[in-house]
Amino acid sequence: MQKRHFIRAAAALALAGSLGHAAAQDNTFKIGLILPMTGPFASTGKQLEAAARLYVAQNGDTVAGKKVQLIVKDDTGAPDVTKRIAQEMVINDKVQVLAGFGLTPLAFATAPVATQSKTPLVVMAAATSSITQASPFIVRTSFTVPQVVTVLADWATKNNIKKVVSLVTDYAPGVDSEKYFSQRFQANGGVVIETLRVPLRSPDFAPFLQKVRDAKPDALFTFVPSGAGSALMKQFAERGLDKAGIRMIAEGSVTDDDILNGMGDVALGVVTAHHYSAAHNSPLNKKFVEAFGKANNGMRPNFMAVGAYDGMRVIYEGAKKTKGEGGEALLNAMKGQVFESPRGPIYIDAQTRDVVHNVYVRKVEKVNGQMWNTEIQTVTDVKDPGKAQ
Amino acid sequence: MLTILFDGIAYGMLLFILAVGLSVTMGLMNFINLAHGAFAMLGGYLTVALMQHQGLPFLACLPIAFGVTALVGAVLERTLYRPMYKKPHLDQVLFSIGLTFMAVAATDYFMGSQQQIIQLPEWLLGRTEWFDGALGMGHYRLFIIAICAALTVGLQFVLSRTRFGSRLRASVDDPRVAASLGINVNLVFAATFAVGSGLAGLGGALGAEVLGLDPSFPLKFLVYFLIVVAVGGTSSITGPLLAALLLGIADVAGKYYIPKLGGFIVYTLMIAILIWRPHGLFSRLGGGK
């Protein structure tokens, strides 16, 4: 079945000469946005879609004289569905660019479609380092896990944290963060006493946290899906780890802006590293947060939203340069873009097609009755350390 | 290490309350209700909704979670479940797992897929340490143990000492003879089913803090419920209770001492026990229907 799709795709390509040319005739510029909008990762899709729509609303729906058409489809977070939708979008809808991709496996599954049809693919959320190497047509505007955890490891070393226990959820981004954090932390002379991996479906953190407590580290490094993060922080406090003098440091997704306010006071003081905080102090970000809230019932944009917003920016500016043409021309026009994002200055590395931006160390604080990730340190222009290896 | 034991007992008690209803419907009424977890989820979401939108205190939510879930259980028993009693087990399994999927999808639609967060009252948040920290007891876990222990004693008393208990046992042994003696078998079953569902609802409300609560809850914990029932046997209350405690302690201790194996310990233990005693640890000899 899939093979036939590809044969059809190839035939369509051959007939049309080039995809960009075929689509150019109907004077629209089509963006195929594939998101998990139902299922366990629905909140990711919600943020991505809201931000993409906000960008279109703010910047108009014509680019280079062509009408922008945003085709949004739900992949439920299942890789085979993502791939099938991408194929349909490329063949039937003749989209100039694919975008979205809420999770790493979704991006990997779709990479061959991008390569074979020469359609640029903008990854707006998935954060595993190696994604951009899966196809020469992939551009990323989200972030990479190694980018942020290495900064956190450096911060920990400088702030008198010498021994850590790492506790991550046993899935790709968790394992990635454990690996890069431990490597950097040990290279800095720190000691990782123990690395604990919690099953994705583990109902209770109690035994793991007890283990952490008994190991008496200076800090607990953690990365769990943001929903589980609040449970972890609660049990962290309940078990008295904070009183035992153990600090909590985490990858920034754990204190996700989207749900931070619901976590309660247990999240206060948690130190994380990430590329975006809704509290980022810049006029552009203030405008972004306000407009996003206004259009979405007071919802706060999180790091997913900013990835989609910047992704749309990269696509728009690329399309302006190519006068609405897709394919390799569009890909090349996306590479090397330098601009200011709500997250701060950012550029798309022309070699790796990966995002380079500031990484911020943040601390959860209460400001005017609301919880925010306040930025306490900025490390500028961080490239993905995963690419160097 | 006492702390680990304590946590394990709290976890096991919670599992027991969640699963005891399943053990009753399966053992006494001979009906396989895989939708049991959906009732637990209902209780949990009710608590979340009442606390967040109506501002009710946590303690007031618990009886409501029990009552409403029991009521829903009674209504569903009358409308959907009763016609299924006489059907083969495969039909019952397919029917109830279908119900579960519907509950999961409906919850996802109405409440969203994110983890729900409950704010406990202050007095349940603390922690007491004894013996130089060798035994640390979270107050909320103490609270769970107390409630579950009280419920267990109550259940055991009702089943073995009251008129209702003997009617129930009679109805199970032979519905036709029981009916001919003037026992309203349908009513007895409906009440039992409702109480079982209500207990699940209560368990869901109590467990939201410890186990987490999202739309996949019924599927995530179905396996644990079934292990409790399979290991404990279905002929008494004490069987599932001890099985749940064993499971809870093994799970917590396993994750503490051998984190690499994580949740695997529980399954190994179950396989070992079932090979040793196929009808469960505490079943009547030759029992098992």
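This is a short dialogue on reading a predicted model with chains A and B.

User: Where should confidence be checked in chain A, and what is its average pLDDT?

Analyst: Start with the average, then look for weak stretches. Chain A averages a pLDDT of 87. At least 70 is reached by 92% of the residues. The weak stretch to note is residues 16–24 of chain A, where pLDDT stays under 50. The model still has 22 contacts beyond four places in sequence for residues 16–24.

User: What does the radius of gyration say about chain A?

Analyst: Compare the value with that of a compact globule. For 389 residues, such a globule would be near 21 Å; chain A has 21 Å, so the two agree. Extents add direction: the C-alpha trace of chain A spans about 70 × 45 × 35 Å along its principal axes. Burial adds packing: 57% of the 389 residues in chain A are buried.

User: Which secondary structure elements does chain A hold, and how many?

Analyst: Chain A has twelve helices and 15 strands. Then ask how far apart in sequence the contacts reach. Of the contacts in chain A between residues at least 6 apart, 71% join residues at least 24 apart.

User: What does the domain assignment of chain A give?

Analyst: Read the segments, then the contact between the parts. Domain 1 covers 2–143 + 283–353, and domain 2 covers 146–274 + 359–388. Their centres, over C-alpha atoms, are separated by 30 Å. In contact are 14 residues of domain 1 and 15 residues of domain 2. The domain 1 side has four nonpolar, eight polar and two charged residues.

User: How many residues of chain A are in contact with chain B?

Analyst: Count both sides, then look at elements and classes. 27 residues of chain A are in contact with 27 residues of chain B. On the chain A side, helix 3 (42–59), helix 8 (206–215) and helix 9 (226–238) each give two or more residues. That side divides into twelve nonpolar, ten polar and five charged residues.

User: Why look for a nonpolar core?

Analyst: In soluble globular proteins, nonpolar side chains tend to be buried together. Here the largest nonpolar core has 200 residues. A:Ala51, B:Leu14 and B:Val228 have the most contacts inside this core. Helix 1 (residues 2–27) of chain B gives the most to the core, with 16 residues. Domain 1 and domain 2 of chain A each supply at least three residues.

User: Which residues does B:Val228 touch?

Analyst: Leave out residues up to four places away in sequence. B:Val228 then touches B:Leu15, B:Phe16 and B:Ala19, together with B:Pro240, B:Ala243, B:Ala244 and B:Leu247.

Terms used
Residues are numbered from 1 along each chain as its sequence is written. Chains are lettered from A and ligands numbered from 1 in the order in which they are written. This is a predicted model: local features need pLDDT of at least 70, side-chain atom pairs count only at pLDDT 80 or more; totals for chains, interfaces and linings use all residues. A nonpolar core is a set of buried Ala, Val, Leu, Ile, Met, Phe, Trp, Tyr and Cys residues joined through C-beta atoms within 7 Å. A residue is buried if 20 or more other C-beta atoms lie within 10 Å of its own, exposed if 12 or fewer, and partly exposed in between; C-beta atoms are placed from the backbone. Helices (H or I, at least four residues) and strands (E, at least two) are DSSP runs, numbered from the N terminus. Domain bounds come from an automatic or database domain assignment. Two residues are in contact if their C-beta atoms, placed from the backbone, lie within 7 Å. Ala, Val, Leu, Ile, Met, Phe, Trp, Tyr, Cys and Pro count as nonpolar, Asp, Glu, Lys and Arg as charged, and the others, Gly among them, as polar. pLDDT is the predictor's confidence in each residue, from 0 to 100. The radius of gyration is taken over C-alpha atoms; the globule rule is 2.2 Å times the number of residues to the power 0.38.
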